[in-house]
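Student: I should like to understand how the terms used for this structure are justified. May we go through them one at a time?

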Amino acid sequence: MNGGKVTITIAKPQKFPDSKDYYCCYNIAGIGNEKIKYAGGVDAIQALELALKQIGTDLYTSPHARAGDLHWFGSRNLGFPVPDTIKDLLPPKDDIQKGTPS
């Protein structure tokens, strides 16, 4: 990323029109496709939880993360949850990079 900034925006969960279920929109700016995406759930909490996991999935599977270029406060652990199926992509909790935090 060479000092680039990644910005994540998460919207308030909303009800789907004509449904009792909810969705939660999010956007990741700064690492490529900046399309607005969403996760759906049976209630607002599940929609938010699934959006957070999708954000984690999008970040950890990005070419930038695989190249080791994404950092949060000096760590490659970006602070977002992921589904159990890709937990092996998470760096160790004590993975602190040397130098200035990004």
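Tutor: We may, and the pocket lining is a suitable start. Please keep in mind that this is a predicted model. The residues that line the second largest pocket divide into four nonpolar, four polar and three charged.

Student: Which residues line the second largest pocket?

Tutor: The lining consists of Tyr26, Asn27, Ile28, Ile31, Asn33, Lys35, Lys37, Asp58, Thr61, Ser62 and Pro63. Strand β3, residues 22–29, gives the most to this lining, with three residues. The volume of the second largest pocket is about 160 Å³.

Student: What makes Lys37 and Asp58 a salt bridge?

Tutor: A salt bridge requires a side-chain nitrogen of Lys or Arg within 4 Å of a carboxyl oxygen of Asp or Glu. For Lys37 and Asp58 the N to O distance is 3.3 Å. The pair therefore satisfies the cut-off of 4 Å. Lys37 belongs to strand β4 (residues 37–41) and Asp58 to helix α1 (residues 44–60), so the bridge ties together parts that are 21 residues apart in sequence.

Student: Why are Lys37 and Asp58 called partly exposed?

Tutor: Buried means under 20% relative accessible area and exposed means over 50%, with partly exposed in between. Lys37 has a relative accessible area of 30%, and Asp58 has one of 22%. Both values lie in between the two cut-offs, and therefore both residues are partly exposed.

Student: How many salt bridges are there by this rule?

Tutor: The count comes to three salt bridges. Another of them joins Lys53 and Glu49, whose closest N and O atoms are 3.7 Å apart. Since the limit is 4 Å, that pair qualifies. Lys53 and Glu49 are four residues apart in helix α1, and are thus separated by about one helical turn. Lys53 is partly exposed, with a relative accessible area of 26%, and Glu49 is likewise partly exposed, at 38%.

Student: How do you know that Asp84 and Lys87 form a salt bridge?

Tutor: Their side chains meet with an N to O distance of 3.9 Å. That value is within 4 Å, and so the pair is counted. As for accessibility, Asp84 stands at 65%, which is over 50%, so Asp84 counts as exposed. Lys87, at 41%, counts as partly exposed.

Student: How many disulfides does a search of the whole structure find?

Tutor: The search finds zero disulfides. A disulfide is a covalent bond between the sulfur atoms of two cysteines.

Student: Why is there no bond between the sulfur atoms of Cys24 and Cys25?

Tutor: The cysteine sulfur closest to that of Cys24 is in Cys25, and it is 7.0 Å away. A disulfide needs the two sulfur atoms within 2.5 Å, so the distance of 7.0 Å is too far for a bond. From the side of Cys25 the finding is the matching one, with Cys24 holding the closest cysteine sulfur at 7.0 Å.

Student: Is Cys24 buried or exposed?

Tutor: Cys24 has 0% relative accessibility, which is under 20%, and therefore counts as buried. Cys25 has a relative accessible area of 24% and is partly exposed. Over the protein chain, buried residues make up 26% of the 102 residues.

Student: Which residues is Gly40 in contact with, leaving aside its neighbours within four places in sequence?

Tutor: They are Phe16, Tyr22, Tyr23, Ala47 and Leu50. Gly40 lies in strand β4. Its C-alpha atom is 4.1 Å from that of Tyr23, although the two residues are 17 residues apart in sequence. With 35% relative accessibility, Gly40 counts as partly exposed.

Student: Where does Ala29 lie, and what does it touch?

Tutor: Ala29 lies in strand β3. Not counting residues up to four places away in sequence, Ala29 touches Lys5, Val6, Thr7 and Glu34. The C-alpha atoms of Ala29 and Thr7 are separated by 5.1 Å, while the residues are 22 residues apart along the chain.

Student: In which order do the elements of the protein chain run?

Tutor: The protein chain has two helices and four strands, and from the N terminus on the order is β-β-β-β-α-α. Among the contacts with a separation of 6 or more, 38% are between residues 24 or more positions apart.

Terms used:
Residues numbered from 1 in each chain as written. Predicted model: local features only at pLDDT ≥ 70, side-chain atom pairs only at ≥ 80, totals over all residues. Heavy atoms only, no water. 1 Å grid on protein atoms, 1.4 Å probe; cavity = no way out; pocket = protein on both sides within 12 Å on 5 of 7 lines; lining within 4 Å. Points joined across faces, edges and corners; volume = space filled by probe spheres on them. Nonpolar A, V, L, I, M, F, W, Y, C, P; charged D, E, K, R; others polar. Buried < 20%, exposed > 50% of the residue type's maximum accessible area, 1.4 Å probe, protein only. Contact = heavy atoms within 4.5 Å.
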